[in-house]
Amino acid sequence: MTTANATSVTHYQIDAAHSEATFTVRHLITKVRGRFSEFAGTIAFDAAAPANSTVAFTIQAASIDTNQKDRDAHLRSPDFFETETYPTITFTSTGITAQGGDAYHVTGQFTIRDVTREITLPVTFLGTAKDPWGNERIAFEAEYTLNRKDYGLTWNAALETGGFLVGDEVKIALSVQAVPAQ
């Protein structure tokens with residue numbers, strides 16, 4: 001739905017069934033990939049004036065899935081996400097700037113375990129389309145690398161050959177489809 005004021009902001013809700021929130025982190029000498037299966041969010045998008053746009057995204061931390069039950073339980077524990085105390089991971093935009101073409105910088109407050117830091121996500125607008133049932137859809141992708149220790153995720157184990165079990169850098173990837181808010 002478009003607002004009646006001078007802007008052309010359209011409000012959307014994220015379609016979690018057609019979106020992904022994934023991550024990759026080094027484990028020993030390989031990488032472990034995982035995802036969060038429960039998340040929701042809103043996008044208010046104004047292509048003509050990106051500064052009028054906003055994004056809010058909430059992930060249910062306990063929905064973490066690395067395809068390994070014991071590891072997922074450890075990730076939910078106080079060693080990592082401590083999901084019983086800190087059930088959500090959130091991002092709320094504070095500013096959006098066009099970078100040319102379909103590229104945007106989305107700056108906002110990112111919170112894990114009650115630690116909030118400002119980050120700037122490089123976001124690509126993938127466009128709009130109508131699905132086979134005539135519903136409008138909008139899509140975006142973003143990738144960002146963070147240091148997990150900046151958010152209190154400090155657990156690790158030293159290896160006898162040197163180094164540590166879990167890498168500090170975590171690559172986050174978002175692929176988001178959204179539909180007009182109702």
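Me: Let's start with one residue. Is Phe36 buried or exposed?

Reply: This is a predicted model, so keep in mind that everything here is computed from it. Residues under 20% relative accessible area are called buried. Phe36 has 9% relative accessibility, so Phe36 counts as buried.

Me: OK. How do I read a pair of aromatic rings, and how many aromatic pairs does the structure hold?

Reply: In general, you describe such a pair by how far apart the ring centres are and by the angle of the planes. This structure holds 9 aromatic pairs. Take Phe23 and Phe36: their ring centres are 5.6 Å apart and the planes sit at 45°, so this pair is tilted. It links distant parts of the chain, with Phe23 in strand β2 (residues 20-27) and Phe36 in strand β3 (residues 30-36), 13 residues apart. Phe23 has 10% relative accessibility and counts as buried.

Me: What about Phe45 and Phe125, which form another aromatic pair? Which parts of the chain do they tie together?

Reply: Phe45 and Phe125 are tilted, with 5.1 Å from centre to centre and 40° between the planes. Phe45 belongs to strand β4 (residues 39-45) and Phe125 to strand β9 (residues 115-130), so the pair ties together parts that are 80 residues apart in sequence. Check the accessibility too: Phe45 is at 9% and counts as buried, and Phe125, at 14%, also counts as buried. There is a cluster to look for as well, since Phe45, Tyr104, Phe125 and Phe140 form one aromatic cluster.

Me: Now the core. Which residues have the most contacts inside the largest nonpolar core?

Reply: The general idea is that in soluble globular proteins nonpolar side chains tend to be buried together. Here the largest nonpolar core has 40 residues, and those with the most contacts inside it are Phe36, Ile43, Phe45, Phe57, Phe81, Ile89 and Phe110. Strand β11 (residues 166-180) gives the largest share of this core, 5 residues. Click on Phe57 for an example: leaving aside neighbours within four places in sequence, its contacts include Ile14, Phe39, Ile89, Phe91 and Leu174.

Me: Let's try a polar residue. Where does Asp15 lie, and what does its side chain make a polar contact with?

Reply: Asp15 lies in the loop between β1 (10-14) and β2. At 13% relative accessibility, Asp15 counts as buried. Its side chain makes a polar contact with the side chain of Arg137, at 2.5 Å. If you skip residues up to four places away in sequence, Asp15 touches Arg137, Gln177 and Ala178.

Me: And what does the side chain of Ser19 reach?

Reply: Ser19 is in the loop between β1 and β2, and it is buried, with a relative accessible area of 10%. The side chain of Ser19 reaches the backbone nitrogen of Gln177 at 2.9 Å. A polar atom of that side chain also lies 2.8 Å from the backbone oxygen of Asp15. Beyond neighbours within four places in sequence, Ser19 is in contact with Ile14, Phe39, Ser175, Val176 and Gln177.

Me: Last one: where is the pLDDT below 50?

Reply: Where pLDDT is low, don't read the predicted coordinates in detail. The protein chain averages a pLDDT of 93, and 96% of the residues score at least 70. Over residues 1-5, though, the pLDDT is below 50. Beyond near neighbours in sequence, that stretch has 10 contacts in the model.

Methods: Residues numbered from 1 in each chain as written. Heavy atoms only, no water. Phe/Tyr/Trp six-rings, centres within 6.5 Å; stacked < 30°, edge-to-face > 60°. Helix = DSSP H or I, 4+ residues; strand = E, 2+ residues; numbered from the N terminus. Buried < 20%, exposed > 50% of the residue type's maximum accessible area, 1.4 Å probe, protein only. Core = buried A, V, L, I, M, F, W, Y, C linked by side-chain atoms within 4.5 Å. Contact = heavy atoms within 4.5 Å. Polar contact = N/O pair within 3.5 Å; in protein donor to acceptor, adjacent residues only side chain to side chain. pLDDT = per-residue confidence, 0-100.
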